[in-house]
Amino acid sequence: MLKATIDADTFRELIDAISALVGECRLHVSESGIATRAVDTSNVAMISLELDAAAFQTYSATQTEIGLDIAKMKNILGMVGKNDPIDLELDAEGRKLSVSFKSYRYSISLLDTKTIRKDPNPPTLNLPAVVKVTGEVLNNAIKAASVVSDKIAFKIDPTKPAFTMIAEGDTDNIKLELGKDEIEFVQVAEARSLFSLDYLKDMGKVIGRSNLIEIQLGIDHPVQFLFTIAQDSGRVTYLLAPRIEAD
Amino acid sequence: MLKATIDADTFRELIDAISALVGECRLHVSESGIATRAVDTSNVAMISLELDAAAFQTYSATQTEIGLDIAKMKNILGMVGKNDPIDLELDAEGRKLSVSFKSYRYSISLLDTKTIRKDPNPPTLNLPAVVKVTGEVLNNAIKAASVVSDKIAFKIDPTKPAFTMIAEGDTDNIKLELGKDEIEFVQVAEARSLFSLDYLKDMGKVIGRSNLIEIQLGIDHPVQFLFTIAQDSGRVTYLLAPRIEAD
Amino acid sequence: MLKATIDADTFRELIDAISALVGECRLHVSESGIATRAVDTSNVAMISLELDAAAFQTYSATQTEIGLDIAKMKNILGMVGKNDPIDLELDAEGRKLSVSFKSYRYSISLLDTKTIRKDPNPPTLNLPAVVKVTGEVLNNAIKAASVVSDKIAFKIDPTKPAFTMIAEGDTDNIKLELGKDEIEFVQVAEARSLFSLDYLKDMGKVIGRSNLIEIQLGIDHPVQFLFTIAQDSGRVTYLLAPRIEAD
């Protein structure tokens, strides 16, 4: 059972964060809010997302799972005004979701949760280096790197300290070095890992809207980006596996 | 003979209204103004349009017919500033139309009116239900329906009264119900007909700019949309044939 | 050797002016500034460009030649803010150009100047008719002509005097006649030449931003467009060969 009202912009943040990685997902609904964890089709990137009941204008739910077509939901959200409240209601059998706003009422068939990939297990990670930066700085760096390469290295030099992003193409390269003025060093440790820009570009569009991103790094380890949505009533973690550097 | 001046925005309204349905048309020119009636290539939609001499800044004409390439005229209008006056002048043989604005002078070859489909006869229709709504509401409903389906049903329930638009896709559907607060019921009667969204989407772009649209409906009958252009100096009627509902 | 700082907008003017004609060029660097001369791949259009040292915020150079990938430079400039200063520095061997702005540092491999076409010789031209007009008027005329044709004739009638642009398509034509109110007649002489709009459209995008364009014309001769960039610290000449008029 789910019956809730949410403003369009908050719902859009939720859907956009998920759609950067997957086209469909299994949404866990409970008394305290909704959550999802999904990996992309190539098993390279993972999203974990929680949205508290407090993010909703009204919220009433019991524990259930629903299969959501994220791409379809994006299309519907294109019809909703910026500040319209959206009413969400699950039907008795849990097969259809009603999405209402103004005088409109969409009825959406849900996906059979059995056809959606099992929830991935959260990996046990030891990422000793932690920095915080604005989403805009991170997204701009991702876009700048894309001009010359399809991969980017994130490095932390604990001696300066400095956070460096390096993208090396066949003939050109770009380097961005951020010091204490531009980035907050929460936990200083040596780090260096290489990542595919394909995934980062999609994540970057979502990340770019966030005031503050926590970046967790190791040596040839995944990177994690942690940020909040819905005025801190929601939490998103993007995890991206590293690429092996060819010598 | 035709020699007239019209402001660019009014001329654009005229051309846009026609181009939603047909790429060329036969324009009837007379002392009192211009008019056209045309059906689209699939014989599903019809436009009737009249523009009074009063819509022009200056207007002088005798009875004649000209064949107009609407798509070409749209391209030329793309070069005209918002408020530029446009001078239109037919040459002596009625083969070329001169379109002048600022220091520019286009000379356009007209189409041979014999090569353009004959004017359709206005069908005799009995559409008992009549409502009025803003163009924006109608166009938004058309766009919202397009997300889930390629057809839309317009219904009037005389008991409430309520005007309902329903689009049913393979798995999803959308319903929009408008009551007395959002729509004016001019003639209340039962109505229900199904229409192709393909045609409605093109009409919707034109209709969406109009303050008030009159909708005339019946049961499994065509729909008619009536609205004015050129500060009420022009009248447009779109007619759309119904689709047969497959069970 | 080259070490210079230039503001992003000025550098963008330089790159845009070159990229309208060629995708790569040989840049001549000297103590007094930079210069290039290049013809397009079809040998129909030529650009000559000089940018004085005064156009740079700081400038220090010795004589050298570098091969620049213009398309790549455009991509990088897409990442630079409107008013960011850009640091340019050639490495010791003259093989790589460092392009830095804010905390970013791109390192670009230069092209081997031996692989770039030799500098064209400046043709000896006798173009007796000279007029001056705003870039906007010229660019709008080019766009208006493109609606009906793929070529345009520039004419000067010394008796009126009048500068006329005529584009004749298969069925339609457009004529733009400019008199003393809209154009400055610097040297009045009879002129009439026909040009391909393909090239003019690309030039027009650059020319359209310029306050004043000098147009030099003859009879069945090339046209030259002269204008300044970088607050008059740079000079651009576009030369376009005429098309032979088929009768």
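**A sheet shared by chains B and C**

In chain B, strand S1 (residues 2-7) runs antiparallel to S5(B), and four bridges hold the pair together. Strands here, like helices, are DSSP runs numbered from the N terminus (E, at least two residues, for strands; H or I, at least four, for helices), and two strands count as paired if DSSP finds at least two bridges between them. Within this pair, Thr5(B) sits opposite Thr58(B) of S5(B).

This is a predicted model, with local features needing pLDDT of at least 70, side-chain atom pairs counted only at pLDDT 80 or more, and totals for chains, interfaces and linings using all residues. Residues are numbered from 1 along each chain as its sequence is written, chains are lettered from A and ligands numbered from 1 in the order in which they are written, and side-chain values use heavy atoms, leaving out hydrogens and water.

The wider picture is an open sheet of nine strands with antiparallel pairing, in the order S5(B)-S1(B)-S7(B)-S8(B)-S9(B)-S13(C)-S12(C)-S11(C)-S15(C). S5 (58-61) of chain B and S15 (191-196) of chain C stand at the edges with a single partner strand each, so one side of each has no neighbour in the sheet.

As for helices, H3 (residues 135-146) of chain C lies across S9 (104-109) of chain B and also S11 (151-157), S12 (162-168) and S13 (173-178) of chain C, at about 0 degrees to S9(B). Helix H4 (residues 197-207) of chain C packs on the sheet too, touching S11 and S15 of chain C, with its direction at about 90 degrees to that of S15(C). Contact means heavy atoms within 4.5 Å; axes are lines fitted to C-alpha atoms, for helices over the stretch in contact, and angles run from 0 to 180 degrees between N-to-C directions.
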